[in-house]
Amino acid sequence: MAKIIISREGVVEQQVQLSKERMTIGRHRHNDIVLTHPAVSGEHAVIVTILDDSFLEDLHSTNGTFVNGHRIGKHFLQHLDMIKIAKFQVEFVADGVRPLAAAAAAEPPLGQIEVINGNNAGKQMALTKPLTTLGRPGVQVVVINRDADGYAIAHAEGAQPPLVNGAAVGKQPLRLKHGDVIDLSGTQMTFRLTNPVS
């Protein structure tokens, strides 16, 4: 079930499950979601949910309803849309990826690393897991993270930072690109995408 997270000046005031087909937002107490502020109209807006889809409609409010910075009349809500009503920020959180969107979402490219020097030169390893750690504990360890956007590398352990293309990698994840060279305590590896997106 989708929900909205209502905050004012960065402080979350309430979270509301969109449990009814029609939920009104406004200043008056009879609304499903009451926002007490003089700039909010008595009946300001309504969220209508049909199956997995939610629509936000402004009810001819005085000060308007905004989604992602644009004033709207009626708007089909998408996951993480930011609604602004007077002083309130309202984040729309979908209850999961819609089945059609999940089917359309492309599988992230599969990456691998190949050792290019030392005793293990030529050795390859596919990066199929969400997290892969490389290196020697206590000496130098990196974590390679796989997500929908591809791969990122971060320094996890050790005094000396690992290098990517000769530049030091910090604790903040760094996006890996096809052909990047990783240097881990002198062992060099090439990062490759098996199906790079052109």
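Colleague: What relative accessibility does Arg175 have?

Modeller: This is a predicted model, in which local features need pLDDT of at least 70, side-chain atom pairs count only at pLDDT 80 or more, and totals for chains, interfaces and linings use all residues. Residues are numbered from 1 along each chain as its sequence is written, and side-chain values use heavy atoms, with hydrogens and water left out. Arg175 counts as partly exposed, a class between buried (under 20% relative accessible area) and exposed (over 50%), with a 1.4 Å probe and protein chains only. The value for Arg175 is 38%.

Colleague: With which residue does Arg175 form a salt bridge?

Modeller: A salt bridge requires a side-chain nitrogen of Lys or Arg within 4 Å of a carboxyl oxygen of Asp or Glu. The closest N and O atoms of the pair are 2.9 Å apart. At 26% relative accessibility, the partner is also partly exposed. The partner of Arg175 is Asp147.

Colleague: How many residues apart in sequence are the parts that Asp147 and Arg175 tie together?

Modeller: Strands are DSSP runs of E with at least two residues, numbered from the N terminus. Asp147 lies in strand 15 (residues 140-147) and Arg175 in strand 19 (residues 174-175), so the salt bridge joins parts whose separation in sequence is 28 residues.

Colleague: Which residue pairs with Asp32 in a salt bridge?

Modeller: The N to O distance in this pair is 2.5 Å. Asp32 sits in the loop between strand 3 (22-26) and strand 4 (33-34), and its partner, twelve residues apart, in the loop between strand 2 (11-17) and strand 3. Asp32 is partly exposed at 34%, as is the partner at 44%. That partner is Lys20.

Colleague: What is the N to O distance between Arg8 and Glu13?

Modeller: Arg8 is partly exposed, with a relative accessible area of 23%, and Glu13 is partly exposed at 42%. Their side chains meet in a salt bridge with an N to O distance of 3.2 Å.

Colleague: How many residues line the largest pocket?

Modeller: A pocket is an open set of points on a 1 Å grid over the protein atoms alone, where a 1.4 Å probe fits and protein lies on both sides within 12 Å along at least five of seven lines; lining residues have an atom within 4 Å of a point. Val115, Asn120, Gly135, Thr187 and Met189 lie nearest the centre of the largest pocket. Among the elements giving two or more residues to the lining are strand 12 (111-115) and strand 21 (187-193). The number of lining residues is 16.

Conventions. Helices (H or I, at least four residues) and strands (E, at least two) are DSSP runs, numbered from the N terminus.
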